[in-house]
Amino acid sequence: MREKHNMSVILLGWYDENAREMPWRVAPQDRMAGVTPDPYAVWLSEIMLQQTTVVTVKDYFQRFIAHWPTVFDLANAKDADVMGEWAGLGYYARARNLLKCARTVVADHGGIFPADHDALLKLPGIGPYTAAAVSSIAFDLPYAVLDGNVERVLARLHNIHTPLPEAKPELRALAQSYTPSNRAGDYAQAIMDLGATTCTPKSPSCGICPWRDPCIAREKGTMADLPRKAPKKVKPIRHGTVFLGKREDGAWLLETRPEKGLLGGMLGWPGTDWVDTSLPLPEGNAPAAGHWAEQAGEVRHTFTHFHLILKVMVAELPKDSTPNRGTFRSLSDFRPSDLPTVMRKAFDLAQ
DNA sequence: AACCCGGGGTA
DNA sequence: TACCCAGGGTT
């Protein structure tokens, strides 16, 4: 019998011994000594951790905190600076909503993140997962986090074969039922750590799992099959062309992409639309007059829903070039690290 | 409910 | 190379 209170006690005991150190995290021992987390740091880390691993997030988090130590600093930041620091993390709508949220917290909440689950849920970029994560981790409110890690742990613990997302309501109820009223924040981090380090998607380390004994999937040997997921769709291939124009003085012709849509608000190279056809492509109009030459090779990049193959055109442009789109950025004004990965691949190919 | 949003890791 | 992983917003 899996007695709920005992289950959380076992997991919290495991967490006290095994908690991973993270720049935004208050160690369980420190927390028990009365140290409380900075809600701004918790929120920032949780936004970054959406669809992104701890290893990837660490450096970005440190740079953001160094640049903008408080929500007031972030709210006052220039959009382009924040988008540039976010470049490479992906899911760029997160960065746009990050800024919106910081500005809303300053404007509507006096710069204090509300210790209130429903108020958090109303903020831009904060959905069910993040509202529960900030509520529990920053404020120790007993809300249950349900991310991919927790779904996997609970689907195995209860041997649930219903495919996701259909199984979500059942998993959500289970997650809430295991969440203790005391140390809810440590518990949330513990169950996510368990999924990330022990109850892993492939070859889970059942032998060292604190929940090994009550786990039904472990007993039945079905761990590897769980959680089940709805079949995924095939990704189409799209084609396009980008134009990398370099002026005689070394400045590059770049443009800021529209706020909405793919790579919204990010820096990029002018180019054609990306089309589904694999037939010979209509060349898009170049952004400026010049001797455009096709770069050998091509850029291949896979987005969430399609594969992209990009042709790269390069040209040396005259000092008096008058482009019909984009703006020239001098070398001091352009960091390749400000580019999203697909655009950086094009830059690397042209180098 | 279905679809739109990247990038990194592993086999 | 192919496949796996995974929250929030929009429509």
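This report describes a predicted model, beginning with its domains and moving on to its core, one buried loop residue and the surface near DNA strand B.

## Two domains and their contact

In this predicted model, chain A is divided into two parts, domain 1 (4–225) and domain 2 (237–350). The centres of domain 1 and domain 2, taken over C-alpha atoms, are separated by 36 Å. Where the two domains touch, eight residues come from domain 1 and ten residues come from domain 2.

On the side of domain 1 that touches domain 2, the elements giving two or more residues are α6 (79–86) and α7 (93–109), and the largest share, three residues, comes from α6. By residue type, this side of domain 1 divides into four nonpolar, two polar and two charged residues.

## A core between the domains

The largest nonpolar core has 90 residues, and within this core Val134 and Ile191 have the most contacts. Because domain 1 (4–225) and domain 2 (237–350) both give residues to this core, the core lies between them.

Val134 can be followed further through its neighbours: if residues up to four places away in sequence are not counted, Val134 touches Pro39, Val42, Trp43, Glu46, Phe113 and Leu120.

## The span named in the UniProt record

An unreviewed UniProt entry lists residues 48–197 under "domain: HhH-GPD". In the model, residues 48–197 are 65% helix and 0% strand, and the C-alpha atoms at the two ends of this span lie 19 Å apart.

## A buried residue in a loop

Is Leu89, with its C-beta neighbours inside 10 Å, buried or exposed? Leu89 lies in the loop between α6 and α7, and Leu89 counts as buried because 20 C-beta neighbours lie inside 10 Å.

When neighbours within four places in sequence are left aside, the residues in contact with Leu89 are Met48, Thr52 and Tyr60. Leu89 and Ile137 are 48 residues apart along the chain, and their C-alpha atoms are separated by 23 Å.

## The surface near DNA strand B

Around DNA strand B there are 20 residues, of which Gln51, Gly90, Thr304, Pro340 and Thr341 come nearest. The elements that give two or more residues to the surface near this strand are α4 (54–67) and α14 (341–350).

In its make-up, the surface near DNA strand B consists of nine nonpolar residues, ten polar residues and one charged residue.

How values were computed: Residues are numbered from 1 along each chain as its sequence is written. Chains are lettered from A and ligands numbered from 1 in the order in which they are written. This is a predicted model: local features need pLDDT of at least 70, side-chain atom pairs count only at pLDDT 80 or more; totals for chains, interfaces and linings use all residues. A residue is near a molecule or strand if its C-beta atom, placed from the backbone, lies within 6 Å of it. Helices (H or I, at least four residues) and strands (E, at least two) are DSSP runs, numbered from the N terminus. Ala, Val, Leu, Ile, Met, Phe, Trp, Tyr, Cys and Pro count as nonpolar, Asp, Glu, Lys and Arg as charged, and the others, Gly among them, as polar. A nonpolar core is a set of buried Ala, Val, Leu, Ile, Met, Phe, Trp, Tyr and Cys residues joined through C-beta atoms within 7 Å. A residue is buried if 20 or more other C-beta atoms lie within 10 Å of its own, exposed if 12 or fewer, and partly exposed in between; C-beta atoms are placed from the backbone. Domain bounds come from an automatic or database domain assignment. Two residues are in contact if their C-beta atoms, placed from the backbone, lie within 7 Å. UniProt positions are given in the numbering used here, feature names are shortened, and annotations may be inferred rather than shown by experiment.
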